[in-house]
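This report considers selected residues of one protein chain, together with its nonpolar core and its principal pocket. The account begins with a single side chain and widens from there.

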Amino acid sequence: MVQRVTYRRRLSYNTKSNKTRVIKTPGGKLAVLHIKKKASAPKCGDCGSVLSGIPAVRPAEYARISRRQKTVQRPYGGSRCGSCVRSRIVRAFLIEEQKIVKKVLKAQQLETKKSSKK
């Protein structure tokens, strides 16, 4: 007959946090091993793609790893992916350029009005 195994912890229900697997000990007995939950990888806040260079660990584990492992060395590192940061920078640059162009066009229109009045 198959050897029975029991949970090692107080929680006696088959919930997501109480997943187990049966292993055989060196003494030949069967024992229960509690399995940790799989961690989901951190994702970009804009496009939702997985952030490369940042480990996928459980939230409490982030407190135990160093800061350099939690971020990437660029603006928005660890929060946004590189392509989204690039598009943000380009968008900001183009908006500023558009403002300058509007200012120049307004100045030219004022000059043409002044010259046409004289």
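In this predicted model, His 34 counts as buried because its relative accessibility is 15%, and the limit for that class is under 20%. The residue belongs to strand β2, which spans residues 30-34. Beyond the residues up to four places away in sequence, His 34 touches two groups of neighbours: Tyr 7, Arg 8 and Arg 9, and also Asn 18, Lys 19 and Thr 20. Its side chain forms a polar contact with the side chain of Asn 18, and a polar atom of that His 34 side chain also lies 3.5 Å from the backbone nitrogen of Arg 8.

Arg 80 offers a second set of polar contacts. This residue is placed in the loop that runs between α2 (67-70) and α3 (82-117). Its side chain is joined by polar contacts to the side chains of Asp 46 and Ser 79. With neighbours within four places in sequence set aside, Arg 80 is in contact with Cys 44, Gly 45, Asp 46, Leu 51, Arg 74, Val 85 and Arg 88.

The polar contacts of the two residues are collected below.

| Residue | Partner | Distance |
|---|---|---|
| His 34 side chain | Asn 18 side chain | 3.4 Å |
| His 34 side chain | Arg 8 backbone nitrogen | 3.5 Å |
| Arg 80 side chain | Asp 46 side chain | 3.1 Å |
| Arg 80 side chain | Ser 79 side chain | 2.9 Å |

Two of the residues that Arg 80 contacts, Cys 44 and Leu 51, are also members of the largest nonpolar core. That core has seven residues, the others being Ile 54, Tyr 62, Ile 65, Cys 81 and Cys 84. In soluble globular proteins, nonpolar side chains tend to be buried together. Tyr 62 is in contact with Ile 54, and further with Pro 42, Pro 55, Ala 56, Val 57 and Lys 70, when neighbours within four places in sequence are left aside.

Val 57 also appears in the lining of the largest pocket, along with Ser 17, Ile 35, Lys 36, Lys 37, Arg 58, Ala 60, Glu 61 and Arg 64. The space in this pocket is about 180 Å³. Its lining comprises five charged, three nonpolar and one polar residue.

Among these lining residues, Lys 36 sits in the loop between β2 and α1 (59-62). Lys 36 is exposed because its relative accessible area is 75%, against a limit of over 50% for that class. Between Lys 36 and Asn 14 the C-alpha to C-alpha distance is 14 Å, with a separation of 22 residues in sequence.

Methods:
Residues numbered from 1 in each chain as written. Predicted model: local features only at pLDDT ≥ 70, side-chain atom pairs only at ≥ 80, totals over all residues. Heavy atoms only, no water. Core = buried A, V, L, I, M, F, W, Y, C linked by side-chain atoms within 4.5 Å. Buried < 20%, exposed > 50% of the residue type's maximum accessible area, 1.4 Å probe, protein only. Contact = heavy atoms within 4.5 Å. Helix = DSSP H or I, 4+ residues; strand = E, 2+ residues; numbered from the N terminus. Polar contact = N/O pair within 3.5 Å; in protein donor to acceptor, adjacent residues only side chain to side chain. 1 Å grid on protein atoms, 1.4 Å probe; cavity = no way out; pocket = protein on both sides within 12 Å on 5 of 7 lines; lining within 4 Å. Points joined across faces, edges and corners; volume = space filled by probe spheres on them. Nonpolar A, V, L, I, M, F, W, Y, C, P; charged D, E, K, R; others polar.
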